[in-house]
Each structure stands twice: as C-alpha cells, then as structure tokens.
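Student: Can we go through this model together? I would like to start with the overall picture and then look at the charged pairs.

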Amino acid sequence: MMVCSALWRAAHAHVCLVRKISPVSRSHQHQVWGSRPATSEFVAQRAPGSVTELLGKSYPQDDHTNLTQKVLSRVGRNLHNQQHHPLWLIKERVKEYFYKQYVGRSGTPLFSVYDDLCPVVTTWQNFDSLLIPAHHPSRKKGDNYYLNRTHMLRAHTSAHQWDLVHAGLDAFLVVGDVYRRDQIDSQHYPVFHQLEGVRLFSQHELFADIKDGDCLKLFEQSSRSAYKQETHTMEALKLVEFDLKQTLTRLVAHLFGD
C-alpha cells in the first residue's frame with residue numbers, strides 16, 4: 001500500500017521561482033498585464049467558430065476564454081530550460097541535490113525529472129484531480145487563464161501529479177511555467193515558475209526504521225482534524241512531515257550554504 005491522496009500532496013515541496021521586474025518597468029507593465037485588460041486585448045471575441053491557436057493545437061473559444069495576446073506570447077518560452085538562464089541554474093542545482101541524496105537500490109536516481117510538460121491542461125487536471133471542490137474560489141476566471149471551459153493554462157505544476165502517479169511513478173520532480181491572473185507588484189507576476197517534488201511511501205519504507213514499526217499503519221478511519229485527514233494515521237503523518245522538513249532544510253543548505 002502507498003501513502004496517497006492528500007497525504008502525499010501535503011508531502012510535496014514547492015520551490016517557487018518568481019521572475020521579478022524593476023520598479024521602473026512595473027508601472028508600464030501594469031497597464032499591459034493588469035488583471036482586468038481592455039476587452040480589445042482578449043483573444044476571445046466570442047464570435048461563432050472562433051478558436052485559439054496555441055502550441056500547434058486549436059482550442060474552441062467560449063464564454064470562459066479570457067487569454068490575452070500578451071499572455072499567449074509568453075507560452076512556450078521555457079526559460080527554465082534555456083541553458084545558463086537563472087531559472088535553469090536553480091533547476092539544475094535542485095536536480096543535483098535530489099540525484100545525489102536519493103539513490104535507488106540499483107544506484108540510479110530515485111527521483112525522475114519532468115521539465116517539458118505542456119502548460120495547457122484540462123480543468124480536471126488543474127482542479128478535480130487535486131480534489132478541489134467544484135465551486136472553490138480558486139477556480140474563478142479572475143484568478144486563472146482559460147482557453148475555454150475545459151482547457152486552461154496550468155495554475156500550478158500540481159496539475160500533472162495525477163497523471164504521473166497513475167503512470168506508476170512514486171518519486172518525481174516537476175518544473176514548469178505557471179499562469180495566474182495576479183496584479184503585478186514586487187512579488188507577483190502573471191507568469192512565474194514552480195518546481196515541486198512528490199514522493200510516495202510504502203508502509204515498509206515509512207516504518208522500517210521505527211521500533212515496532214510492523215504494528216503501525218498508514219491508514220485508518222477516524223475523524224478529520226486540524227492536523228490530518230480522516231484516512232491517515234497520526235504516525236504516518238508525522239513521519240512524512242519529518243521527512244519533508246529534513247528534505248527542505250538540506251535542499252536550502254545545498255542551494256545557499258549552511
């Protein structure tokens with residue numbers, strides 16, 4: 001059995017790589033990128049048969065389409081894959097850490113890396129696969145870039161978790177550009193980057209080094225609390241939490257020094 005669902009989601013680490021702009025350019029960019037662009041800037045004019053062409057595919061427009069040409073011009077730049085770009089350098093340092101620290105029994109890296117996944121995802125991938133309720137505020141058009149009701153630019157790299165886990169992976173890193181309709185300031189920009197790691201633990205992996213670990217369980221049926229979901233034991237939660245904290249602490253030391 002594997003630790004799954006919200007427990008492994010709670011155990012994944014995000015390293016957000018935010019591309020900032022100078023105070024001088026921010027004033028100009030705010031007019032272009034503001035969260036309420038003029039109607040003429042929208043790709044969607046909602047004319048019958050209108051489509052959005054993106055990355056070699058066509059997406060029919062509807063009443064949810066709210067992409068602008070400015071945003072579309074950023075899709076596919078893949079700054080995190082451009083050699084010697086600051087984002088690429090950070091990505092490579094993070095990969096180096098995970099490759100050295102987590103090695104499988106055969107001597108190969110435990111974590112695989114996915115840094116070229118398509119930024120266009122379905123709304124099911126972006127929300128439903130992560131158990132986000134149908135009427136949750138995070139789905140609002142004012143916070144996301146929709147191609148139409150069924151497709152959007154990913155708001156987080158977590159949109160790929162379900163597919164990768166169901167492909168049989170139990171330890172992986174996902175890196176990519178993500179898109180959210182934020183007002184621009186010194187800490188926010190409509191296009192930024194995320195790097196996240198996901199690891200699933202079997203019962204043996206989690207409890208092998210714990211005294212009387214054979215008596216411990218990953219799952220239970222109890223009540224939800226402020227500390228855990230109803231399906232996971234407190235022992236499993238605390239061990240995954242401890243592993244996550246150790247991973248992040250060591251990663252930060254690797255990136256920035258002790």
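Tutor: Below we take the overall make-up, then one arginine, the salt bridges, a hairpin and the cysteines.

Tutor: This is a predicted model, where local features need pLDDT of at least 70 and side-chain atom pairs count only at pLDDT 80 or more, while totals for chains, interfaces and linings use all residues. Residues are numbered from 1 along each chain as its sequence is written, and side-chain values use heavy atoms, with hydrogens and water left out.

Student: How many helices and strands are there in the protein?

Tutor: The protein has eight helices and eight strands, taken as DSSP runs numbered from the N terminus (helices H or I, at least four residues; strands E, at least two).

Student: And what share of the residues counts as buried?

Tutor: Of 258 residues, 44% are buried, meaning under 20% relative accessible area; exposed is over 50% and partly exposed lies in between (1.4 Å probe, protein chains only).

Student: Now Arg154. Is it buried or exposed?

Tutor: Arg154 is buried, because its relative accessibility is 1% and the cut-off for buried is under 20%. Arg154 sits in the loop between strand S6 (151–153) and helix H6 (161–166).

Student: What is Arg154 in contact with, beyond its neighbours within four places in sequence?

Tutor: The list includes Leu117, Cys118, Pro119, Asn126, His160, Asp177 and Tyr179, a contact being heavy atoms within 4.5 Å. The Arg154 side chain also reaches two backbone oxygens, that of Cys118 at 3.4 Å and that of Asp177 at 2.7 Å. Those are polar contacts: N or O atoms within 3.5 Å, where, within protein, one must be able to donate a hydrogen and the other to accept it, and residues adjacent in sequence count only if both atoms are side-chain atoms.

Student: Which side chain does Arg154 meet in a salt bridge?

Tutor: That of Asp177, at 2.9 Å, N to O. The pair links distant parts of the chain, since Asp177 is in strand S7 (residues 171–179), 23 residues from Arg154. Asp177 is buried too, with a relative accessible area of 4%.

Student: What is the rule for a salt bridge, and how many are there?

Tutor: A side-chain nitrogen of Lys or Arg must lie within 4 Å of a carboxyl oxygen of Asp or Glu. The count comes to eleven. Among them, Lys228 and Glu220 pair at 2.9 Å, N to O; Lys228 is buried at 10%, whereas Glu220 is partly exposed at 31%.

Student: Where do Glu241 and Lys245 lie?

Tutor: Both are in helix H8 (residues 234–256), four residues apart, about one turn of the helix. Their closest N and O atoms are 3.3 Å apart in a salt bridge. Glu241 is partly exposed at 30%, and Lys245 is exposed at 52%.

Student: Which residues are linked in a network of salt bridges?

Tutor: Lys91, Glu92, Lys95 and Asp115.

Student: Change of topic. In what sense do S2 and S3 pair?

Tutor: S2 (residues 51–54) and S3 (residues 57–60) are antiparallel, with four bridges; strands pair if DSSP finds at least two bridges between them. Thr52 has Tyr59 in S3 as its bridge partner. The two strands form a hairpin with two residues between them, and Leu55 in the turn has a positive phi of about 50°.

Student: Last one: how many disulfides does the structure hold?

Tutor: Zero, with a disulfide taken as a pair of cysteine sulfur atoms within 2.5 Å. Cys118 is partly exposed at 37%, and Cys215 is exposed at 63%.
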